[in-house]
Amino acid sequence: MSHNNKKPVALVVGASRGMGRQIAIDLARNGYAVVVTGKSVSDASKVTPFPPNPDSDESTTSTVVREIREAGREAHAIAVDVRDAESVKRMVDGTVEKYGSLDVLVYNSGAIWWAAIEDTPLKRFQLMQKVNPEGLYATIQAALPHFKAQGWKARIIVVSPPIYSRFFRGKTAYAMGKVGMSVLTKGLAMDFERQGRKDMAITSIWPAAALASAATIGPSAKSKADPRELRKATVFSDAILAMLAAPTSVVNGLLDLDEDFLKRHAGVTNFDKYNLVEGANPRRIMPAEFPDLRVKEQDDEGKRIDLAKAKL
């Protein structure tokens with residue numbers, strides 16, 4: 001298939017509402033052809049008023065694509081169930097078939113349940129693992145052959161947190177999956193380095209202050225947040241754009257916060273424009289500093305073991 005698309009191509013997994021929608025819209029605004037994916041589809045031509053509340057169930061992959069196209073940008077929707085590896089492969093392959101390449105992959109899909117372990121049923125735990133670390137792993141596995149075919153030049157952004165023990169408190173089942181995603185970021189970054197893939201980078205990003213989203217202020221949010229404590233999702237998409245503009249050496253294997261990255265690498269000093277309520281001062285919910293996960297013997301691999309090359 002011949003492709004006339006000259007734009008870089010971004011696949012945003014989990015882009016029907018909230019943060020994911022904002023990421024897709026801002027990538028499109030910055031010159032990307034964006035593939036918008038998620039479980040929710042609708043007849044966008046019949047949605048009124050338009051655009052719908054971005055944090056409501058009225059916002060779907062279809063309405064996000066319509067929003068982007070009506071702004072004169074390029075977008076395409078693909079339905080996906082990240083719990084199904086075949087569905088994930090169809091999503092990734094379909095992106096490359098449509099546009100000819102995959103330059104940026106953003107994994108924003110997420111299932112959430114914050115409760116004590118005794119109040120977290122096994123089925124709820126399993127759902128979170130399927131959507132969060134397993135969905136990410138399946139997406140990466142489906143994307144790697146395409147990255148190889150285009151000479152190992154691409155960026156991956158994962159919505160997962162820095163690793164620190166306070167994060168586990170009161171939401172252990174959720175944290176096991178989200179921290180697992182951050183471990184994947186660290187480990188795949190090491191793979192890229194060991195394999196000499198200098199034009200590949202994977203980075204994790206997490207909000208420093210709570211963001212306006214379906215989970216915080218959407219009509220179906222289980223516990224509504226105080227709007228004065230929220231920032232607009234644009235702070236998150238701006239940080240992602242800054243990460244994509246940074247050298248791979250800066251961002252590969254980095255686990256960072258939107259605010260901190262914008263301060264350190266994009267020169268942002270005033271965050272007032274991101275406040276959901278003008279004049280408010282949203283509280284930072286993340287620690288000021290994070291533990292360094294490296295050890296003194298960091299570069300000592302001992303005897304390398306690769307079971308993929310062993311005779312099994």
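What follows walks through the overall fold of the chain, then helix 8 and a handful of charged side chains. The model is a predicted one.

Starting with the whole chain, the secondary structure amounts to eight helices and seven strands. The radius of gyration is 19 Å, close to the 20 Å that the globule rule gives for 312 residues, so the chain is as compact as a globular protein of that length. Its C-alpha trace spans about 60 × 50 × 45 Å along the principal axes. Some 49% of the 312 residues count as buried. Among contacts with a separation of 6 or more, 69% come from residues 24 or more positions apart. The exposed surface comes to about 16,200 Å², and carbon and sulfur atoms supply 51% of that area. As for charge, there are 44 positive and 36 negative side chains, with the centres of the two sets 2 Å apart.

Helix 8 takes in residues 258–265, and its buried residues are Asp258, Glu259, Asp260, Phe261 and Leu262. The cover over these buried residues includes strand 6 (200–206), helix 6 (234–245), helix 7 (248–251) and strand 7 (255–257). After helix 8 comes Gly267, with a positive phi near 70°.

Helix 8 also turns up among the salt bridges, of which the whole structure has 16. Two of the buried residues of the helix, Glu259 and Asp260, belong to a salt-bridge network that also links Arg231, Lys263 and Arg284. Another pair joins Asp256 to Arg264, with the closest N and O atoms 2.8 Å apart. The two partners sit in contrasting surroundings: Asp256 is buried, at 4% relative accessible area, whereas Arg264 is exposed, at 53%.

Further along the chain, Arg294 and Asp292 pair up through their side chains at 2.8 Å, N to O. Arg294 is exposed here, with a relative accessible area of 59%. A salt bridge also brings together Lys309 and Asp306, this time at 3.8 Å, N to O. Lys309 counts as exposed at 73% relative accessibility, while Asp306, at 38%, is partly exposed.

Then there is Lys171, which sits in the loop between strand 5 (154–159) and helix 5 (172–194). Lys171 is buried but has no salt bridge. The nearest side chain of opposite charge belongs to Asp119, 15 Å away. Leaving aside residues up to four places away in sequence, Lys171 touches Trp114 and Ala115.

Methods. Residues numbered from 1 in each chain as written. Predicted model: local features only at pLDDT ≥ 70, side-chain atom pairs only at ≥ 80, totals over all residues. Heavy atoms only, no water. Helix = DSSP H or I, 4+ residues; strand = E, 2+ residues; numbered from the N terminus. Rg over C-alpha atoms; globule rule 2.2 N^0.38 Å. Buried < 20%, exposed > 50% of the residue type's maximum accessible area, 1.4 Å probe, protein only. Contact = heavy atoms within 4.5 Å. Areas by Shrake-Rupley, 256 points an atom, 1.4 Å probe, with all protein chains shown as cover. Lys, Arg positive; Asp, Glu negative; His and termini not counted. Charge placed at Lys NZ, Arg CZ, Asp CG, Glu CD. Salt bridge = Lys/Arg side-chain N within 4 Å of Asp/Glu carboxyl O.
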